[in-house]
Amino acid sequence: MSPIPSASTGPQATANAGPANAAPPVNDGPPANDGPSARTGPPVAALSARQVTAIVGVLSLAVFMSSLDLFIVNLAFPYIGLEYRGTSLSSLSWVLNGYTIVFAAVLVPAGRWADRVGRRRVFVAGLIGFSVGSLLCGVAPGVAALIAARVVQAVGAGLMVPASLSLLLASVPGPARPRAIGTWSALGALGAALGPVIGGSLVEISWRWVFWINLPVGLAAVLLAARVVPESKDEHVRGRPDLLGAGLLAAAVGLVALALVEAPSWGWGSARFIGLLLASLACGAALVATSRRHHSPVIELGLLRSRTFSGTFVASILYYAAFGAFVLNSVEFLTGVWHYSAVRAGLAIGPGPLMVLPFARVAAPRLAAWIGGPGRVAVIGCLVNVGSQVLWYSQIQAHPAYLTHLLPAQLLGGAGVGLTIPSLLGAGSASLPPDRFGTGSGILNMARQVGTVLGVAGLIAILAHIVPGDPVTTYRYGLVLIIAFFAGAAVVSAALLTRGPDRT
């Protein structure tokens, strides 16, 4: 979930927030300020149901597109490597990690900037930047140019995602917000999960189409946003976003990822590896220092004093580390060991993502109401994911056996994703008062991106040691890493998210 940088005040916000110890619907969130100081354009009440549906559709399309791009390149890796011969998997991993690191760093400052200058304006600027970055990716003459173009893409995504959710809350009437937010978050999760499926179809034409497909979608989204989405902004926002903090965050995460990716060749005790870790710690310490002084920091340290919020923050890092490593591990195994084509690998992964939407939209909210809160559902979802990977660990083999060995684990894993993602969001937002929901949700989305980077980097370090005669053993080590991350997320969720929210 991305930042919702507007503040909710007044009786309506109080009514929607509910009592501090109540378990809110999993997909719900506090409303944005509907007063004239918080938004411009037609009042929320004046929008028809048809207009609301159109707005939700356009904004959900944008977050689907950005989430899709986080993982769609996984299927393109072997094809990019064939075109740029001599490029290692660790180098190619920066096509994914470069995007994710910059995306994470831009989210919160971009959300605050959107509040100040106009959310639709920033949303459209993000769509244009994302589309331009996609075009540059598609014409990149080498891996270095491709990584640079992915950074441009990430800046565009970092602008449009927080603005899209802010616009949704500012435009959708209170009673319709829970379902609208559910649609927004579920489509974001579905986009990430469907990345390998869609990517597998496109790379059969050319890996460049993985990026060019964004151009018509981005153009359509720009035109529709200008036509159907009303402008809104918060007149009370003052001061500049924390650009220094964003840079320090990107440096801290990027240095850790680089250390993990290069450690197999450098040595885990080498001076370069230890030096990168120390440099990352120094950037982290500087980030904490600047966050204490800045009026709108990238990481608002006061929020981490909340047990529920800090628990969701840590659980999100662990869960998305597992999720990012799981997607890449599946793609590399299917294409490298079972020798599936990109299309066949995408179709093999496909049944899992099909489970996400019904479990996120239907099962997770009902289960939360039944067992007493989204935190408990998050624990169940994490354990389901653990079970799916343990099942695959016990069945994995060099000889292809999709229906009997991989498919059951894929279906179980998709159900776990559908249960966990909206539940972590619900648990984290439940601890926040309305005027902190934007900052808090931005930090949680940042945790998701940071986790993805660390999970992918950790898996790359493991896959660097594949034994040509026995690749399955190396992929089992990758599964152990994934299981450990999922289990860690379950433990943190059980310890910190099952006792009801505590307000910051």
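## Exercises on an all-helix chain

Of this protein chain's 504 residues, 61% count as buried. Keep in mind that the model is predicted.

**Exercise 1. Describe the overall make-up of the protein chain: how many helices and strands are there, and what share of the contacts links residues 24 or more positions apart?**

Start with the secondary structure: the chain has 18 helices and zero strands. Next, take the contacts with a separation of 6 or more; 86% of them are between residues 24 or more positions apart. Finish with the surface. Its accessible area is about 18,100 Å², and carbon and sulfur atoms hold 68% of that.

**Exercise 2. Work out how helix α10 is oriented against helix α11, and say which kinds of residue make up their contact.**

First find the two elements: α10 covers residues 243-266 and α11 covers residues 271-293. Their axes come within 8 Å and cross at roughly 165°. Angles over 145 degrees count as roughly antiparallel, so α10 runs roughly antiparallel to α11. For the hand, look at how one passes the other: α10 makes a left-handed crossing with α11. Now sort the residues of this contact, and you get 19 nonpolar, four polar and one charged.

**Exercise 3. Do the same for α4 and α5, and name the residues that meet.**

Helix α4 spans residues 89-117, and helix α5 spans residues 119-138. Here the axes lie 8 Å apart, at an angle of about 150°. That angle is again over the 145 degree cut-off, so α4 and α5 are roughly antiparallel to each other. On the α4 side, the residues in the contact are Y99, A110, W113, A114, D115 and V117. Over on α5 they meet R119, R121, V122 and F130. Split by type, the contact has seven nonpolar, no polar and three charged residues.

**Exercise 4. Two residues of helix α18, F486 and S493: buried or exposed, and what do they touch?**

Locate them first. Helix α18 takes in residues 471-496 and holds S493; F486 has its place there too.

Take F486. Its relative accessible area is 1%, so F486 is buried. Skip residues up to four places away in sequence, and F486 touches Y319, A322, F323, C382, N385, V386 and Q389. Pick out Q389 from that set: F486 and Q389 are 97 residues apart in sequence, yet their C-alpha atoms are 9.2 Å apart in space.

Now S493. With 0% relative accessibility, S493 counts as buried. Leave out its neighbours within four places in sequence, and S493 has contacts with A315, A378, V379, L424 and T498.

**Exercise 5. Turn to two loop residues, E300 and H339. Which loop holds each, and is each one buried or exposed?**

E300 is in the loop between α11 and α12, the latter being residues 307-336. Its relative accessibility is 17%; buried means under 20%, so E300 counts as buried. For a distance check, try V288: it is 12 residues from E300 along the chain, and the two C-alpha atoms are separated by 9.2 Å.

H339 is in the loop between α12 and α13, where α13 is residues 342-349. At 64% relative accessible area, H339 is exposed.

**Exercise 6. What is the sign of phi at H339?**

Recall the background: most residues other than glycine have a negative phi. Then check the value for H339, which is near 55° and thus positive in a residue other than glycine.

How values were computed. Residues numbered from 1 in each chain as written. Predicted model: local features only at pLDDT ≥ 70, side-chain atom pairs only at ≥ 80, totals over all residues. Heavy atoms only, no water. Helix = DSSP H or I, 4+ residues; strand = E, 2+ residues; numbered from the N terminus. Buried < 20%, exposed > 50% of the residue type's maximum accessible area, 1.4 Å probe, protein only. Contact = heavy atoms within 4.5 Å. Areas by Shrake-Rupley, 256 points an atom, 1.4 Å probe, with all protein chains shown as cover. Axes fitted to C-alpha atoms, helices over the stretch in contact; angles between N-to-C directions. Parallel < 35°, antiparallel > 145°, perpendicular 65-115°, else oblique. Left-handed = near helix turned anticlockwise from the far one by under 90°. Nonpolar A, V, L, I, M, F, W, Y, C, P; charged D, E, K, R; others polar.
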